[in-house]
Amino acid sequence: MTTGQHPTAEPGLGPEDEERLPSLAEQMADQLGGWRGLVESSIPVVVFVIANVVGELRPAVIASVAVALLIAGLRLAQRRPVRHAVNGLFGVAVGAAIAWRTGNERDFYLPGILYGIGYGLVLLLSAAVRQPLVGWIWSVLVAKGRSEWRDDPRLVRTFTQLTVLWGVVWLAKVGVQAGLYLAHQDTALGVARLALGYPPYALLLLITVWAVRRVTRETAPRPLPGA
């Protein structure tokens, strides 16, 4: 926060916590893992796509898993956060195991497609029952576990709308991948996995942080004249 700026209220935070609230850029960097996290999480999939195009399935599976293990090991050795690396390794390992067992390269992407469908449906269901998942995630990641936003109708409405947006976008991008999967477009499916991965996620994060901050600024109590 720069000099001269007034702190704005955030859902679930009192005035004593506002100075410690991460900035928009810090929040996005933490969720995306920074540029390094973006690149590292994409490398195993890129390796699989390229190795599978120029070679065979099993060498591609081995190469992608080896690269994912190497990235996780380097992060651990450098004492850097390994959350994103471990998540990426788990996703690659599960997809690789299925593809190895079936002998079908497109099955490498099947766990991600099924996870995306489930995640999108859970988002829409949470909005339908007025327990918007985006609001609860905000409580955990930003508001230090507090959920006072539930007492503010404007914030409940905002988080509900954001949750619907997340769900629709998630199902749309997974729908594209599912269509390519069913059409046996294996290379195109790999390209879609990369193109529809972090870019939509980053955009949704930006919209979410902007929308919540806008509402909390508008609902923040105004200082009394002469105070």
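In the predicted model, L165 is located in helix α7. With a relative accessibility of 32%, L165 falls in the partly exposed class, because this value lies between the 20% limit for buried residues and the 50% limit for exposed ones. Beyond its neighbours up to four places away in sequence, L165 touches L204 and I207. The C-alpha atom of L165 also lies 8.7 Å from that of L124, a residue 41 positions away in sequence.

Helix α7, which spans residues 153-182, also contributes to the interior of the protein. The largest nonpolar core contains 37 residues, and α7 supplies 9 of them, the largest share. The core members that touch the most other members are F48, F108, Y109, F159, W166 and W170. Two or more core residues are given by each of α2 (34-54), α3 (57-77), α4 (83-102), α5 (110-128), α6 (133-141), α7 (153-182) and α9 (198-219). In soluble globular proteins, nonpolar side chains tend to be buried together.

The surroundings of Y109 can be described in further detail. With residues up to four places away in sequence excluded, Y109 is in contact with V45, F48 and V49, and also with D186, L189, G190 and R193. One of these partners, F48, is itself listed with Y109 among the core residues that touch the most other members.

A second residue with distant partners is G135, which is placed in helix α6. G135 has a relative accessible area of 0% and is therefore classed as buried. Outside the four nearest places in sequence, the contacts of G135 are with W149, F159 and T163. The C-alpha atoms of G135 and T160 are separated by 7.7 Å, although 25 residues separate the two along the chain.

These pairs may be set beside the composition of the chain as a whole. The protein chain comprises 9 helices and 0 strands, and its elements follow the order α-α-α-α-α-α-α-α-α along the sequence. Of the contacts with a separation of 6 or more, 70% join residues 24 or more positions apart. Buried residues account for 38% of the 227 residues.

At the surface, the protein chain exposes about 12,700 Å², of which carbon and sulfur atoms supply 66%. A nonpolar surface patch of about 430 Å² is formed by V46, I50, V53, V54 and L194. Helix α2 provides 4 residues of this patch, the largest share; I50 is situated in that helix. Helix α2 is also among the elements that give two or more residues to the nonpolar core.

A polar interaction occurs at T102, a residue of helix α4. The side chain of T102 forms a polar contact of 2.6 Å with the side chain of D107. T102 has a relative accessible area of 46% and is thus partly exposed.

Backbone geometry was also examined in the loops. Most residues other than glycine have a negative phi. R130, in the loop between α5 and α6, is not a glycine, yet its phi is positive at about 60 degrees. H184, likewise not a glycine, has a positive phi of about 60 degrees and lies in the loop between α7 and α8 (186-195). The relative accessible area of H184 is 49%, which makes this residue partly exposed, because the class of exposed residues begins over 50%.

Notes: Residues numbered from 1 in each chain as written. Predicted model: local features only at pLDDT ≥ 70, side-chain atom pairs only at ≥ 80, totals over all residues. Heavy atoms only, no water. Core = buried A, V, L, I, M, F, W, Y, C linked by side-chain atoms within 4.5 Å. Buried < 20%, exposed > 50% of the residue type's maximum accessible area, 1.4 Å probe, protein only. Contact = heavy atoms within 4.5 Å. Patch = residues over 30% accessible without salt bridge, like charges linked within 9 Å, V, L, I, M, F, W, Y side chains within 5 Å. Areas by Shrake-Rupley, 256 points an atom, 1.4 Å probe, with all protein chains shown as cover. Salt bridge = Lys/Arg side-chain N within 4 Å of Asp/Glu carboxyl O. Polar contact = N/O pair within 3.5 Å; in protein donor to acceptor, adjacent residues only side chain to side chain.
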